Each structure stands twice: as C-alpha cells, then as structure tokens.
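Subject: Structure handover

Hello,

Here is the structure for you to look through. Please open it first, then read the notes below it.

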Amino acid sequence: MRKRTLVGFFAFGTIALLAGCANSLEPPVIVGGLKFPKSPPPDNTSQGISVWLLPVTDTGNGKRLGTLFHALGSRSHLLVRESLSQSIQKKIEQDLVDEGFSVQMAKTSNHPLTVSVSIEKIEDRVSAAPLNVRQKAVVILSYKIITRSSDGTTRSMSGTITRHQSPTPDALFHRSTPPSLIGSMVDDEIRHELIPMILRTGKESS
C-alpha cells in the first residue's frame, strides 16, 4: 500500500512539475541580427530618383524577435543583438541604393519624395520539439510615401505589407546563427512591394 502511495506521489509530482514548466518563462535567448538573402544584381531602373528616408520606427519591443518554446513546455523570449528597426533601416537604405536611387536620411517629410516605414509586428514562434523544430513567423510592415511638388502640393500614399510563413519540418532558425526566416520575409516585402511602390510614386511625381 505504501509503495503505491509513493508511486502515486512521484507521479503527481512529475505532472505538477511539467505543468509548472509549461507556463514558466526562462531567461531570454540572444541570437544574432537578421540574416538577409543575397541581393540580385540591380537593374538601375530608378536611376536619378532621389529619396529621403525617415528612421524606421517600431511599435513593439525593439529587440524582441519572438518566442522560443522549449520541449518541456517552458518558453523564452528571442532577442536580437541589434534592434530590428536598425537592421531593417540598413536593409531598406542598401536596397534602394542597389536599385539606383539616391538616398538621404531625413528627420522631416519636407522633401520632394519622403519614405517612412514602421514595424507593426515581427513574431517568430519557434517550437523546439524533440525531433524537429517548427516555426510560425509573421512580418507586418507599414509604409507612407509623401511627395511634395514645387508648387507646394503634398500627396501621401500609405499601405501595409504582410507575410506569413510556417516552414516544417526543417526550420531556418538556429541559436548559433542569425535568424534567416524573418530576414528573408523582410527582404521579400522590401524588394517586391516597397521598392516598386517607391519607384512608381517617384516616376509619377517627377
């Protein structure tokens, strides 16, 4: 009888321990900065268009990349060494330069063509299962493109760019290397939506 009681006690203790782990928050996991894919050769279709780029803003935690869910149920915040806004700022600026734009940093929108980008959401949810790693990632960027003509007319265009990805069973995340899934999603948003919109706006306002 006593043996059964001890077995039951240890079983209850194990269940309680696992239940406690499922909701516990462990120390954050620090990873490198975002890793962007190699850029294709520029086509220079935007040669001669000048862009004034405002600092990228972040509505969330500047270094919070997402959440790592451990195998036993606990979780840790994923943090990057360089803030997400700084990484994306550099990426946008470099991509614009590669595409032939003349880029200058600005503090106000009092320029012929000003671009403002905000990080609405970046969330990389990584589940460290025993056999593989699963991810669910989302990147939401919003932008505003403001043009000012020589006669003082001001026009603005804004929009939101969203990407979702859930690669399984192989993930693009590893603690020892910069996270490349979010980087590839940001790159896709900038190259395939943001830059074409800037180019179109710049040509229409010229």
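How are α2 and α3 set relative to each other? In this predicted model, the axes of helix α2 (residues 84–98) and helix α3 (residues 180–205) cross at roughly 50 degrees. An angle between 35 and 65 degrees is neither roughly parallel nor roughly perpendicular. The two helices are therefore oblique to each other. Their axes come within 11 Å. The crossing of α2 past α3 is right-handed.

Now look at the residues that touch. On the α2 side they are Ile 88, Lys 91, Ile 92, Asp 95, Leu 96 and Asp 98. On the α3 side they are Val 186, Asp 187, Ile 190, Arg 191, Leu 194, Ile 195 and Ile 198. By class, this contact has eight nonpolar and five charged residues, and no polar ones.

Next, the cavity. How many cavities of 30 Å³ or more are there? The count is one. The largest cavity holds about 30 Å³ of space. Val 117, Leu 141, Ser 142, Tyr 143, Ile 161, Glu 189, Ile 190 and Leu 194 line the cavity. Two of these names should look familiar: Ile 190 and Leu 194 of α3 also meet α2. Both β8 and α3 give at least two residues to the cavity lining. Six of the lining residues are nonpolar, one is polar and one is charged.

Last, the pocket. The largest pocket has a volume of about 330 Å³. It is lined by 17 residues. Which of them are closest to its centre? They are Pro 112, Thr 147, Thr 201, Glu 204 and Ser 205. Three elements each supply at least two residues of this lining: β8 (133–148), β9 (154–165) and α3. Helix α3 gives the largest share, with four residues. The pocket lining has nine polar, five nonpolar and three charged residues.

One thread to follow as you look: α3 meets α2, helps line the cavity and helps line the pocket.

Best wishes

Definitions and conventions
Residues numbered from 1 in each chain as written. Predicted model: local features only at pLDDT ≥ 70, side-chain atom pairs only at ≥ 80, totals over all residues. Heavy atoms only, no water. Axes fitted to C-alpha atoms, helices over the stretch in contact; angles between N-to-C directions. Parallel < 35°, antiparallel > 145°, perpendicular 65-115°, else oblique. Left-handed = near helix turned anticlockwise from the far one by under 90°. Contact = heavy atoms within 4.5 Å. Nonpolar A, V, L, I, M, F, W, Y, C, P; charged D, E, K, R; others polar. 1 Å grid on protein atoms, 1.4 Å probe; cavity = no way out; pocket = protein on both sides within 12 Å on 5 of 7 lines; lining within 4 Å. Points joined across faces, edges and corners; volume = space filled by probe spheres on them.
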